[in-house]
Amino acid sequence: MKLGVSSYCFRSLMTSGEMDLIGVLDWVAASPAGHIEVAAMDGEYYLENPDVVNDTAKHAEEVGVPIVNYLVSGDLRTADDKEIDRLRRQLDVAHRFGARIFRHDVAPWSWREQDPGEFETTFAKVVEGCRAVADHAAELGITSTIENHGFFMNGSDRLARLVHAVDRPNFRVTLDLGNGLCVGEVPGKTAAGLIDLAASIGVKDFHIRRSAGDGWLKTLAGDYLLGTISGHGDVDLAGLLALVNTKPDVPVSLEFEGLERTPDAIERSLDNILRLAGAA
């Protein structure tokens, strides 16, 4: 298994200024992880600071930690030309990082259609936008992906349908093993339905409750989720990693989003993932 780390794990330390992306690369180089994915998410920082991108790419090569995936936000609900152009320019950033995989959203995280008609209309526009982005990615030798993320484009059936409709050989899935829970899908169904479409895989763990206090995420199924150290939650990571092990060439990245202290929680998560994968 090719195990790495998402820079998203370090978001609190990066936001506070305690670490930057160079520091994250150095941490990963000294850890059991072998690669990194850079999560820009809602920010345009790397788009607006090409020198940082170039310096980071150079340092990644020097310390032997490849940048395999670049993750950004996106909103293709109307296939707006301005948004498609922004995503194309973000693809250029991915290329400068040396990433061979690019992951973009197609809607805001919390958005959900009001009825089936709105879904179908929006889906048609999303297909159009994803094709435009994937075509530019192909010119750069990059695989463009959509993650099962948020409340709209989530669940294995919806993502598989989107990949089929976009119909581009370089349009695949960044498979998050836990995110299907947000829309009431058990992780085993998510993984089984998307593993053959996955260009990259994200690992996270959740505590899952039927009722909870403040700070927990309520799912469409009425459950409550709270991120935690991988191996400490209720997700059957051992079973999921057994399936992941059937795809040894697909990069796997930890995405820690719990309340536990970092970077200790990140290190413990990596150790647990390797142990569970080895026992799978």
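Start with the second largest pocket of this predicted model by selecting Met 14, Ala 39, Ala 40, Tyr 45 and Tyr 46, which lie nearest its centre among the 20 residues that line the pocket. The volume of this second largest pocket is about 410 Å³.

Next, colour the elements around it: α1 (11–16), α2 (21–29), β2, α3 (45–48) and α4 (50–63) each contribute at least two residues to the lining of the second largest pocket. Of these, select β2 with particular care, since the largest share of that lining, 4 residues, comes from this strand. If you then colour the lining of the second largest pocket by residue class, you should find 12 nonpolar, 4 polar and 4 charged residues.

Keep β2 (36–41) selected and add β10 (224–228), for these are the elements that give two or more residues to the lining of the largest pocket, so that β2 serves as a link between the two stops of the tour. The largest pocket has a volume of about 480 Å³, and among its 28 lining residues the ones to display as sticks are Tyr 8, Trp 109, His 149, Glu 255 and Glu 257, the closest to its centre.

Now narrow the selection to β10, which supplies the largest share of the lining of the largest pocket, namely 3 residues. Finally, apply the class colouring here as well, where the lining of the largest pocket divides into 14 nonpolar, 7 polar and 7 charged residues.

Technical notes:
Residues numbered from 1 in each chain as written. Predicted model: local features only at pLDDT ≥ 70, side-chain atom pairs only at ≥ 80, totals over all residues. Heavy atoms only, no water. 1 Å grid on protein atoms, 1.4 Å probe; cavity = no way out; pocket = protein on both sides within 12 Å on 5 of 7 lines; lining within 4 Å. Points joined across faces, edges and corners; volume = space filled by probe spheres on them. Nonpolar A, V, L, I, M, F, W, Y, C, P; charged D, E, K, R; others polar.
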